[in-house]
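The following questions and answers introduce a structure to a reader who has not met it before. Please consult the sequence and the model while reading.

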Amino acid sequence: MSDTYRDEAYVFGDGRDVEVFGVGGGCKEARAEVSGQSAELVQITLVTITKQSPGTVCTQEVRQVPLTVRLDAPLGNRRLVLEAREETG
């Protein structure tokens, strides 16, 4: 994962809620999705969506945006893997 994203996560509540940090601001929106779960591993993908209408100008401000995902079962001792993907919308 690039240096643009924070490589950290926080588990809270009953162990099924995980907070991660995406990138948002200007014409960028952030979301997080659980992209895989098994008995050994949980994969979370940080998605940055760039939305810029033709003829518009976007500010270049970028900030870390807290995002929470809910797992099917508590994270427990499973390994957490963060991935990143960029989309245009």
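Q: How many bridges join strand 3 to strand 4?
A: Strand 3 and strand 4 run antiparallel. Strands are DSSP runs (E, at least two residues; helices are H or I, at least four), numbered from the N terminus, and two strands pair if DSSP finds at least two bridges between them. The bridges that join strand 3 to strand 4 number nine.

Q: On what kind of model do these statements rest, and which pLDDT is needed for local features?
A: Residues are numbered from 1 along each chain as its sequence is written, and side-chain values use heavy atoms, with hydrogens and water left out. This is a predicted model, in which totals for chains, interfaces and linings use all residues, side-chain atom pairs count only at pLDDT 80 or more, and local features need pLDDT of at least 70.

Q: Which residue of strand 4 is the bridge partner of Gln37?
A: A hairpin of three residues joins strand 3 to strand 4. Elsewhere in this pairing, Lys28 stands opposite Thr50 in strand 4. For Gln37, the bridge partner in strand 4 is Val42.

Q: What is the order of the strands in the open sheet?
A: The open sheet has three strands and mixed pairing. Its edge strands, each pairing on one side only, are strand 3 and strand 6 (79-88). Strand 4 runs parallel to strand 6, and 10 bridges join them. The order is 3-4-6.

Q: By how many degrees are neighbouring strands of this sheet turned against each other on average?
A: Axes are lines fitted to C-alpha atoms, for helices over the stretch in contact, and angles run from 0 to 180 degrees between N-to-C directions. For this sheet, the average turn between neighbouring strands, direction ignored, is 20°.

Q: Why is strand 4 largely enclosed by the rest of the structure?
A: Buried means under 20% relative accessible area, exposed over 50%, and partly exposed in between (1.4 Å probe, protein chains only). Strand 4 is largely enclosed because, of its 10 residues, the number buried is seven.

Q: Which residue forms a salt bridge with Glu33?
A: A salt bridge is a side-chain nitrogen of Lys or Arg within 4 Å of a carboxyl oxygen of Asp or Glu. In this one, the closest N and O atoms are 3.1 Å apart. Glu33 lies in strand 3 and its partner in strand 6, so the pair ties together parts that are 52 residues apart in sequence. The partner, which also stands opposite Val47, is Arg85.

Q: Where does Lys51, the salt-bridge partner of Glu29, lie?
A: The closest N and O atoms of Glu29 and Lys51 are 3.4 Å apart. Glu29 is partly exposed at 39% relative accessible area, and Lys51 is partly exposed at 40%. The pair links distant parts of the chain, 22 residues apart: Glu29 is in strand 3, and Lys51 is in the loop between strand 4 and strand 5.

Q: Are Cys27 and Cys58 buried or exposed?
A: These cysteines form the one disulfide of the structure, a disulfide being a pair of cysteine sulfur atoms within 2.5 Å. Their sulfur atoms are 1.4 Å apart, and the link is left-handed, with -80° about the S-S bond. Cys27 lies in the loop between strand 2 (17-24) and strand 3 (28-37), and Cys58 in the loop between strand 4 (41-50) and strand 5 (63-70). Both Cys27 and Cys58 are buried.
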